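The following exchange is for a reader meeting this structure for the first time. Each answer sets a value beside the rule that gives it its name.

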Amino acid sequence: MSGQSNGENSRPKKEISYDPSQHLSLDEVKILDEKYVLNTYARMPVAFIYGSGEFLYDTEGKEYIDFLSGIAVTSLGHANADLNEVLQNQSELIWHSSNLFYNPQQALLARALIDITYPGKVFFCNSGTEANEAAIKIMRAWGVQNSSASKKKSIILSLKNSFHGRTFGAMSITGQDKIHNGFGDLMQDIAYIEVNNVKELEKNFNENVCGIILEPVLGEGGVIPLTREFIQKARQLSSEYKAILVMDEIQTGVGRTGSYFAYQNYDLVPDIVTVAKGLAGGFPIGAVIVGQKYCNVLQSGMHGSTFGGNHLATAVGYEVLRTIESSKILANVTEMSNYFFEKLNNLKEAYPDRIEKVQGMGLLIGVVLSNNRPARPLVQKALEKQLIIGRAGENVIRLAPPLIVRKTTIDKAIQKIEEIIQEI
Ligand SMILES: *Cc1c(COP(=O)(O)O)cnc(C)c1O
């Protein structure tokens with residue numbers, strides 16, 4: 001990997017002089033947050049002030065290893081110098097003009113996304129859930145356009161324990177009761193299939209299915225990779241029944257699994273891929289990559305977004321893709337993934353009563369705890385030891401280090417993980 005983008009060199013050019021006395025203390029932030037911010041999150045008791053590469057620094061100046069990357073978002077590390085430069089330069093030219101006009105940054109990012117996937121076109125939005133909303137509208141519009149008096153092509157297939165977002169449509173195609181509960185009637189005509197159950201997949205497919213949405217690796221659902229057999233069967237049945245195969249790569253995309261997209265590890269081409277999290281390294285963006293065959297399903301005026309693909313977001317997104325290419329990030333992901341899996345599997349061998357298995361793909365890794373042990377206390381303990389990790393489902397630890405992670409940082413993290421495992 002070139003020196004350009006690793007942790008050391010992505011430190012901000014100026015030495016940051018952070019003086020805690022001139023800023024809000026953690027307690028002051030907490031008081032304001034509890035009083036004025038809607039209470040939809042269970043927050044952990046830390047506020048970060050700045051970051052650098054694989055590390056974050058809190059209000060007390062304490063350093064943390066960031067192995068969650070803001071939930072697989074800050075993939076090129078914090079305060080990446082190349083991304084900062086592009087963002088600063090673009091910010092001095094133009095932030096926003098709207099989609100009433102042509103936008104050079106947007107057109108360039110669209111071409112770059114097509115270059116690394118398949119022939120087609122891109123729709124831009126601002127988040128993962130919005131990307132999936134657009135995919136839902138394409139699936140349903142395709143269904144309407146191919147329905148007849150005797151056939152209503154309206155069913156969307158999804159997976160049990162999947163996660164596709166929090167807006168109404170994306171929530172409806174999410175296969176988890178705990179996400180659905182409390183909102184009354186959801187979208188109709190959705191069927192949820194058990195993960196990797198080929199028989200159930202075959203049983204549910206028919207002429208009335210307009211599309212199927214799959215996470216190649218279920219993220220929130222426990223970092224569970226789909227099997228080759230299942231995903232290829234979904235491709236085959238989608239083609240057979242003229243349904244749209246959507247890959248939700250919001251978490252797995254943009255290098256996270258060692259390929260640009262996880263579907264590329266399965267030797268097939270989906271019809272649509274939804275992207276967000278890592279695409280602009282922390283700047284909000286979403287994208288829907290639509291294959292040639294479905295590019296005209298949405299006609300002019302059927303969908304849109306005011307902010308979608310604005311100059312800042314797409315300029316940074318383009319630089320993320322350029323950096324992944326020029327700094328050989330994918331090779332680093334594969335090498336560090338092998339190293340991390342090996343170290344974690346050693347821990348599993350040493351503590352079989354604590355760790356049941358290690359699963360995932362690339363640098364999206366789940367550590368499944370034995371005996372359904374809850375992961376939340378371990379995540380809290382890790383934070384106390386200045387290691388940021390996450391949770392997927394109730395008893396899986398989720399690790400999503402930045403794609404620029406180094407062996408030395410993995411070694412430090414492994415040491416902390418071992419301490420935590422010993423203490424439970
Ligand atoms: C995070 C995520 C979403 C939702 O993205 P938001 O940006 O939070 O709306 C959808 N699908 C998957 C697989 C995700 O991981």
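Q: What makes a pair of atoms a polar contact?
A: A polar contact is a pair of N or O atoms within 3.5 Å. The model discussed here is predicted.

Q: Why is the pair formed by Asp-248 and the ligand called a polar contact?
A: A polar side-chain atom of Asp-248 lies 2.8 Å from a nitrogen atom of the ligand. The cut-off is 3.5 Å, so this pair is a polar contact.

Q: How do you know that Lys-277 and Thr-129 make polar contacts with the ligand?
A: Lys-277 places a polar side-chain atom 2.6 Å from a ligand oxygen atom. For Thr-129 a polar backbone atom is involved, 2.8 Å from an oxygen atom of the ligand. Both pairs are within 3.5 Å and therefore count. The protein buries 81% of the 380 Å² that the ligand exposes when taken alone.

Q: What makes a residue part of the group around the ligand?
A: One of its heavy atoms must lie within 4 Å of the ligand. Among the residues that qualify are Ser-127, Phe-163, His-164, Glu-215 and Gln-251. Helix α5 (residues 128–145) gives the most to this shell, with three residues. By class, the shell has two nonpolar, seven polar and three charged residues.

Q: Why are Val-122 and Phe-123 called lining residues of the second largest pocket?
A: A lining residue has an atom within 4 Å of a pocket point, and 20 residues line this pocket, so Val-122 and Phe-123 carry the name as two of them. Along with Leu-298, Gln-299 and His-303, they lie nearest its centre. Strand β4 (residues 120–125) gives the most to the lining, with four residues.

Key:
Residues numbered from 1 in each chain as written. Predicted model: local features only at pLDDT ≥ 70, side-chain atom pairs only at ≥ 80, totals over all residues. Heavy atoms only, no water. 1 Å grid on protein atoms, 1.4 Å probe; cavity = no way out; pocket = protein on both sides within 12 Å on 5 of 7 lines; lining within 4 Å. Helix = DSSP H or I, 4+ residues; strand = E, 2+ residues; numbered from the N terminus. Polar contact = N/O pair within 3.5 Å; in protein donor to acceptor, adjacent residues only side chain to side chain. Areas by Shrake-Rupley, 256 points an atom, 1.4 Å probe, with all protein chains shown as cover. Nonpolar A, V, L, I, M, F, W, Y, C, P; charged D, E, K, R; others polar.
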